[in-house]
Amino acid sequence: MSHPLKPSIPHHLEYIITDPEFLIQEFSLGIGAILQESLMVGADIRRFLPELVGSEAIAHQVFQGQLPYFTIKEVAHYGHNNPNHPVYIDLNLERLNPQSLILFINDVTETAILRQSLVQRVNETELLLNALRRSEDYNRRIITSMGDALLTTNLSGNIKTVNPATLALFGYHEAELKNQPLALLFPDGLPTSLEPQSLQATTIHEDIEVNCQTKSGKILTIAFSCGIIHAQGDNLPVVIYIGRNITARKRVEQEINAALAKEKELNDLKSRFIAMTSHEFKNPLSSILMSVELLEEFALTWHPDKRLRHLQRIRQSTTQMNNLLEDILVIGKADTGKLEFHPQPLNLRQFCQDLVEELQFLAGESHEIILHLHGALAPQYDLDDKLLRHTFMNLLSNAVKYSPDCPRVDFRVGEVEGALIFEVEDHGIGVPEEDQPRLFESFHRSRNVREIKGTGLGLSIVKRAVELQGGKITFRSQVNVGTTFTVCLPLEAGWSS
Amino acid sequence: MVTVSKKICMVGDFGVGKTSLIRRFVEREFSDRYLSTVGVKISRKVVPLPPMDDVDELKLLIWDLEGQTKFKAITPTYLQGSSGVLIVADVTRPETIDHIEDHLQLFFGVNPAGWVAIALNKTDLLDSDERTHVQTSLELNRPQILGPYLTSAKTGDNVDAIFTELAKEMLA
Ligand SMILES: Nc1nc2c(ncn2[C@@H]2O[C@H](COP(=O)(O)OP(=O)(O)OP(=O)(O)O)[C@@H](O)[C@H]2O)c(=O)[nH]1
Ligand SMILES: [Mg+2]
């Protein structure tokens, strides 16, 4: 649309008329007030309206009639007379006549300011929403990708949200956990330390170690960090639990502790062993030494009987040391796993008779060892005669040793319901109740043995030997009434022949 | 002494930092406050140029346009007579980067021979990994397009550079 040249311009329009080179020819009265400039005829319009700088080419096109008009809407204009407050103006440049251009200027400050506050509000909201979306997305991504289990509950302990790590850890589907009580994840209900009531607001509770239960019933050790979050506004508080599976770590810890305990035990054993051996070897050694010294000095002058007594004492001490050494060797073998079970066909009846005979000889007149063979024994059993010998030599010699005032020792052997049962019964000093639990430990000796000699290794050897043969040893004992050891060796198929 | 005046426009989505970039370039200032621009505001800045044969001084007229929103597109008449535009996007808002292409078309539709510089602004909000990612993810191998520049109106990073590079190209 092109304005026809009008004889008079409507009075409510403000305008500036210039020549094609932007030199002012004429302007309306109100224009100075709108622009906050002091305009002058003959001056370059761009001095007052720098907004037109750069529009010369377009103005030229308008002047040539190549463009009907040129508009710039809502230009913020900072007038020289009021530089801090912009006026918003619409500029509309048209050709007035062959000599002039006319620039209509419309003050739109009011609507622009209104629009500004509107745009401001809309844009701020958009930016805020955008930031929220981003952070929400960001948080969600962190929560979904985190390796730790994250759950939230309400104050009554009902699960509200779970992340994938939680589902993977406990083996549930999301729907199976949502709105369920948190107690579901624990074998004996929610531990008090994790109850929402016991969690203080404002503090984070860290590393609460508890046992949890998976859907399949597996027990896991989980370290929880938890806290109560009060979201803004009227929202109810949320309880947040972050759990890390430390089951594997715990197991390793336990293994290390067990290994340490074992090592300590071995150390104790070693020191007890050294204490015992030095003591046990010292006595026979010093008595040997003493006899040897006496013999050196007086052998020629002594009566042959006296000489013999000393020689016998030397032999006795040597035997004692030899036995001790043998025990130690057996224990050492058992400890290092070198004691082995080699069953071979054995005539048990004969074996027992020989053993009793041998021990009776050693015990001499003071004791009577009675062998009772019960029922029908097979002619042969697959047994390890070495292990059997270790076992019953020890049990029978103990029976003799610890019943100094009661001569009778019973040794019963029989086959009962697919097992060989051996019983060694004495009527001696017995084992005090306090010592019974540790009876089979190396170097443990009951408090009532007093001057009776022993290494504290015998029963420990017996127990290992019996277990190596797949059997079991038990005992019952009463102080000053006596002790009965029962060894039970199960006969597996092919053991008896 | 020859002074040349050139008009450039700041184009981009709302809130990407057009006004802030101008403020940093012209007044060497930055504010965290957001005051959305309506219509257009024109600023001037004399750009010192390296010694050249014919031009001693360049007066840049920088048109700060109202940002594009869902409700209002950029008014093309503002772009008339503009030898160059600075298209600005906000690196923390991927959609503003997606819109660069629209702004390019709008500008070249009005000024096929004009020059464009692309500013990926607010890079101070990114860490170094994210910065390289943003820069390499934008493919703009076309003549008459400079950048993308990773700018920050807040720290001033690349702000002078992007304006002077664009100015130089417009004079050449
Ligand atoms: N951190 C940071 N913030 C920035 C940067 N540039 C701008 N901002 C902020 O972003 C918001 C918008 O900046 P403006 O410069 O007003 O954005 P605009 O593009 O002019 O916005 P419209 O006028 O609405 O189109 C303001 O709060 C600025 O402080 C920047 O480089 N870094
Ligand atoms: Mg702005």
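This is a short tour of a predicted model, moving from its ligand to its sheets and a salt bridge.

**Stop 1: the ligand**

Select ligand 1 and show what lies around it. How many residues surround ligand 1? There are 24. The closest are Lys18(B), Ser20(B), Ser31(B), Tyr34(B) and Asp124(B). Now colour by chain. The site is shared between chains, because residues from chains A and B surround the ligand.

Next, colour the shell by residue class. It divides into 6 nonpolar, 11 polar and 7 charged residues. Then switch to a cartoon view and pick helix α1 of chain B, residues 18–27. This helix gives the most to the shell, with 3 residues.

**Stop 2: polar atoms at the ligand**

Stay at ligand 1 and label three residues of chain B.

- Tyr34(B): a polar atom of its side chain sits 2.5 Å from a ligand oxygen.
- Ser31(B): here the backbone takes part, with an N or O atom 2.7 Å from an oxygen of ligand 1.
- Ser152(B): an N or O atom of the side chain is 3.5 Å from a ligand oxygen.

Turn on the surface. How much of the accessible area of ligand 1 does the protein cover? On its own, the ligand has 650 Å², and the protein covers 94% of that.

**Stop 3: a sheet across both chains**

Hide the ligand and show strands in chains A and B. Look for an open sheet of 11 strands with mixed pairing. Start in chain A and follow the order β2(A)-β1(A)-β5(A)-β4(A)-β3(A). The next strand in the order is β2(B). From there, continue through β3(B)-β1(B)-β4(B)-β5(B)-β6(B).

Which strands form the edges? They are β2 (24–27) of chain A and β6 (145–150) of chain B, and each pairs on one side only. Look along the sheet to see its twist. Neighbouring strands are turned by 30 degrees against each other on average, direction ignored.

Zoom in on strand β5 of chain B, residues 115–121. This strand runs parallel to β6(B), and 4 bridges connect the two. Select Ala117(B) to find Leu146(B) of β6(B) standing opposite.

**Stop 4: a sheet in chain A**

Go to chain A and select strands β6 to β10. These 5 strands make an open, antiparallel sheet, ordered β7-β6-β10-β9-β8. At its edges are β7 (159–162) and β8 (205–213), each with a partner on one side only. From one strand to the next, the twist averages 30 degrees.

Now pick strand β6 of chain A, residues 149–153. It is joined to β7(A) by 3 bridges, and the two run antiparallel. Across this pair, Leu151(A) faces Val162(A) in β7(A).

**Stop 5: a salt bridge**

Over all chains, the whole structure holds 28 salt bridges. For one of them, select Glu74(A) and Arg115(A), whose closest N and O atoms are 2.7 Å apart. What does this pair link? The pair joins distant parts of the chain, 41 residues apart. Glu74(A) belongs to strand β3 (residues 69–77), while Arg115(A) belongs to helix α3 (residues 109–145), both of chain A.

Methods. Residues are numbered from 1 along each chain as its sequence is written. Chains are lettered from A and ligands numbered from 1 in the order in which they are written. This is a predicted model: local features need pLDDT of at least 70, side-chain atom pairs count only at pLDDT 80 or more; totals for chains, interfaces and linings use all residues. Side-chain values use heavy atoms; hydrogens and water are left out. A residue is near a molecule or strand if one of its heavy atoms lies within 4 Å of it. A polar contact is a pair of N or O atoms within 3.5 Å; within protein, one must be able to donate a hydrogen and the other to accept it, and residues adjacent in sequence count only if both atoms are side-chain atoms. Accessible areas come from the Shrake-Rupley method with a 1.4 Å probe; for residues, only the protein chains shown count as cover. Ala, Val, Leu, Ile, Met, Phe, Trp, Tyr, Cys and Pro count as nonpolar, Asp, Glu, Lys and Arg as charged, and the others, Gly among them, as polar. Two strands pair if DSSP finds at least two bridges between them. Axes are lines fitted to C-alpha atoms, for helices over the stretch in contact, and angles run from 0 to 180 degrees between N-to-C directions. A salt bridge is a side-chain nitrogen of Lys or Arg within 4 Å of a carboxyl oxygen of Asp or Glu.
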